[in-house]
Amino acid sequence: MATFLYQVGRLAFRRRWYVALVWAAVLAAVGLGALKASGASDEEFSMPGIESQKAFDLMEQRFPGASADGATARVVFVAPSGEKVTANENRDAVEKAVADLGDGAQVASAVDPFRAKAVSKDGTTAYATVTYKVTANDLTDVSKNQLDRAIHTAQDSGLTVEAGGSAMDDGAGPGGAAEVIGVAIAAVVLLITFGSLAAAGLPLLTAVIGVGVSMATILTLSQALGLSTTTGTLAMMLGLAVGIDYALFVVSRYREERARGRVPREAAGLAVGTAGSAVVFAGLTVVIALVGLAVVGIPMLTKMGLAAAGAVVVGVLVALTLVPAFLGFWPNAVLRRRARRSGRIEDEGTRDNGGSRWARFVLRRPLPVLLLGVVGLGALAVPMTDLQLGMPGDEAKSTSTTERRAYDALAEGFGPGFNGPLTVVVDARDAKDTKDTKDTKDAKDAKGAKGDTGPKGAADRVAKEIGGTEGVVSVSPARFNEAGDTAVFQVVPSTAPTDERTKGLVTTIRGERPGVESETGATFEVTGTTALNIDVSDKVQSALIPYLVVVVGLAIVLLLVVFRSLFVPLKAALGFLLSVLASLGVVVLVFQQGHGAGLLGVEQTGPIMSLMPIFLVGIIFGLAMDYEVFLVSRMREAYVHGERPGQAITSGFRHSARVVVAAALIMIAVFAGFVGESDSMVKMIGFGLASAVLFDAFVVRMAIVPAVLALLGDRAWWLPKWLDRLLPKVDVEGEALDRRPQSGPGSGPDAGSGPESDAGSGSGSGSDPEPAGATGRKVART
């Protein structure tokens with residue numbers, strides 16, 4: 001592996017113009033394809049195998065055309081204090097607003113609340129439902145402005161008017177300012193780390209190119225593969241993250257090799273052969289984590305994982321080819337300014353720095369450091385035992401938004417369960433004739449009217465059973481399809497959609513199904529947004545353990561190949577689990593229990609987003625293994641080259657700690673930028689990811705890992721002989737590179753002679769007639 005990548009790096013350095021042109025051509029081709037593409041589809045969220053999805057599919061089949069995916073807006077009218085919306089003046093204002101809401105080319109209907117009986121019992125609140133002919137993404141500015149004008153006109157009459165629904169979604173993603181801030185902080189961190197604008201800018205430039213290729217490819221293939229507008233979100237986030245990281249490690253190793261006296265082309269080859277090997281295997285661990293998202297069984301999540309995995313692969317290819325090509329154009333520009341001016345490069349790998357000093361501190365006190373790290377993260381993980389998964393809606397938004405105020409007004413006027421009604425679908429195709437059953441006779445006698453039989457009687461029976469369940473406020477009249485064999489009705493709970501009691505109610509209603517089916521022959525299923533969120537949470541929770549087993553198991557096998565050690569992969573996996581549990585614990589602590597929520601601007605606590613654990617595990621596993629591979633591979637490299645275990649740990653930290661810290665700080669900055677967003681779910685994702693990187697990089701990798709390795713000593717690198725024979729040899733440490741014939745101290749074949757040693761042209765470039773590098777050696781001049 002190392003030898004092959006060494007040749008790739010040298011070739012890319014030498015044929016830099018060809019490499020740059022190939023990447024430019026690829027970017028232009030996929031960019032042109034993205035411009036010509038018809039755009040991403042508005043793929044609906046689906047979850048095969050859960051009851052809510054089955055019920056929705058049944059509705060699609062039995063009520064064709066009735067479940068159109070057009071945008072909706074629910075406009076809420078609240079009368080001034082002491083008044084009612086039914087008062088003549090207020091009623092006129094509401095009816096005028098409804099007329100204005102219905103006057104638009106894209107409007108399908110606007111329902112008058114007084115005709116639809118959508119007025120609260122106390123008469124203070126009413127709502128009108130506006131349905132559009134198109135999806136929320138296809139709403140024009142004219143339609144949105146018309147909705148705003150109707151709302152403002154009604155407000156001018158003295159009414160309090162708020163609106164919610166999909167039509168109010170402006171479609172803005174959470175990226176914008178957060179990504180700009182993250183990239184800006186990344187640039188500062190890189191500049192401090194490298195002390196060179198070129199060295200800081202190169203990882204950013206190559207990462208942006210890689211993300212550009214990935215996102216353009218996703219847009220080009222979106223229509224053909226049915227990719228939704230959200231598919232590229234994870235790809236952009238991870239593509240930028242790993243793109244910066246991987247280029248950062250290659251550039252850092254290049255500078256290190258230059259400091260050892262290598263000429264530029266040889267340094268680029270060695271950088272790709274050693275750091276590039278770590279990049280390949282780190283990228284594979286990320287790809288495993290992302291492809292493993294298919295285990296969850298959510299098509300949208302699977303596509304997001306595959307798209308992000310593709311972005312990671314592009315990031316790896318960019319680091320292995322485009323980075324050394326750019327180093328060929330500007331071989332000396334990435335060096336520190338002092339080295340370029342003085343003509344001397346200090347070999348920073350031979351002197352003490354913060355990383356080596358910290359490593360020696362841990363080596364002196366491995367057990368206390370290990371215990372402190374494990375106990376600290378364990379304590380932070382304790383709140384995770386109270387984890388409640390759900391899908392927060394408008395109630396989790398800021399009170400400055402009209403959607404949140406509309407939600408609160410409806411909850412106050414109609415009850416907390418009104419915002420999340422359950423939809424019950426009754427399949428009465430096989431319904432029995434219930435006219436002779438005792439229960440039906442009793443029902444007839446009680447009503448004093450002739451009872452219904454067949455499908456209608458079965459639907460009434462189901463509605464009666466559910467209506468008598470504790471926690472149900474009301475049941476709407478059943479609506480039948482044209483064939484008369486399927487009925488749909490709404491059930492309003494007494495508790496809010498995210499309340500645990502609502503989840504219990506759904507379970508209770510479904511538990512009544514066997515009895516009803518045996519008596520009537522009809523069956524029913526519960527769906528609706530609230531039930532769907534409950535089912536999604538349950539499925540994600542049940543899929544979390546299999547996902548962890550698959551991803552962590554495959555990663556352990558991969559790390560066995562990389563490190564040829566039994567204990568290092570196990571330690572890496574256990575450390576990752578510890579950091580993920582701790583990050584989930586602090587997310588629960590803040591967003592569910594409310595501790596410190598005000599500091600982050602979280603106005604409403606509630607359940608944790610259903611997909612949060614899966615996202616956290618998938619993304620952080622990849623990044624954690626990045627840090628593990630880059631840090632421990634340098635220790636393994638030193639150990640293979642003859643250093644004692646303690647010395648190898650110190651060497652690994654001396655060479656890699658600063659770069660790993662810089663990479664972690666960049667990731668924390670990128671993720672923490674999302675905490676400033678107004679959306680509670682975006683805050684949660686940003687906070688969770690930033691916390692996980694913080695714990696994994698600084699507690700697990702920087703403290704627990706060296707402490708465990710110090711306690712294990714030589715045993716840390718032990719591998720049974722039979723397993724050693726089975727595992728393929730990949731040479732991540734670059735051991736084979738040391739066995740190459742050397743043409744001179746600090747140089748490889750052809751280094752410093754002939755046209756192959758040409759370092760290119762441009763700023764800080766030139767040929768290298770003499771090795772430039774180790775302390776006292778001259779930097780190649782232009």
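What span should the 12 residues of helix α3 cover at 1.5 Å a residue, and how far apart are its end C-alpha atoms? In this predicted model, helix α3, which comprises residues 51–62, should span 16 Å, and the C-alpha atoms at its two ends are 16 Å apart, in agreement with that expectation. The buried residues of this helix are Glu-51, Ser-52, Gln-53, Ala-55, Leu-58, Met-59 and Arg-62. These buried residues pack against elements that include the strands β6 (422–427), β9 (486–493) and β10 (523–527), together with the helices α17 (500–511), α18 (513–520) and α19 (529–563).

The packing of α3 against α17 is accompanied by a salt bridge between Glu-51 and Arg-510, in which the closest N and O atoms are 3.1 Å apart. Because Glu-51 belongs to helix α3 and Arg-510 to helix α17, the pair ties together parts that are 459 residues apart in sequence. Glu-51 is buried, with a relative accessible area of 15%, and Arg-510, at 15% relative accessibility, likewise counts as buried. Side chains of opposite charge can pair when their charged atoms come close, and the structure holds 24 salt bridges.

A further salt bridge, with an N to O distance of 3.1 Å, is formed by the side chains of Arg-404 and Asp-408. Both residues lie in helix α14 (residues 402–414), and because they are 4 residues apart there, they are separated by about one helical turn. Arg-404 counts as buried at 7% relative accessibility, whereas Asp-408, with a relative accessible area of 32%, is partly exposed. Elsewhere, salt bridges that share partners join Arg-253, Glu-256, Glu-257, Arg-260, Arg-262 and Arg-634 into one network. Within this network, Arg-262 pairs with Glu-257, the closest N and O atoms being 3.3 Å apart, and both Arg-262 and Glu-257 are buried.

Helix α8 (residues 231–259) and helix α21 (residues 612–640) pack with their axes 11 Å apart and at an angle of about 10°; the two helices are therefore roughly parallel to each other. From α8, the contact is made by Leu-234, Met-237, Leu-238, Val-242, Asp-245, Tyr-246, Phe-249, Arg-253 and Glu-256, and from α21 by Phe-615, Ile-619, Leu-623, Asp-626, Tyr-627, Phe-630, Arg-634 and Glu-637. The residues of this contact divide into 11 nonpolar and 6 charged, with no polar residues. Among the contact residues are Arg-253 and Glu-256 of α8 and Arg-634 of α21, which also take part in the salt-bridge network.

Technical notes. Residues numbered from 1 in each chain as written. Predicted model: local features only at pLDDT ≥ 70, side-chain atom pairs only at ≥ 80, totals over all residues. Heavy atoms only, no water. Expected span 1.5 Å × (residues − 1). Buried < 20%, exposed > 50% of the residue type's maximum accessible area, 1.4 Å probe, protein only. Contact = heavy atoms within 4.5 Å. Axes fitted to C-alpha atoms, helices over the stretch in contact; angles between N-to-C directions. Parallel < 35°, antiparallel > 145°, perpendicular 65-115°, else oblique. Nonpolar A, V, L, I, M, F, W, Y, C, P; charged D, E, K, R; others polar. Salt bridge = Lys/Arg side-chain N within 4 Å of Asp/Glu carboxyl O.
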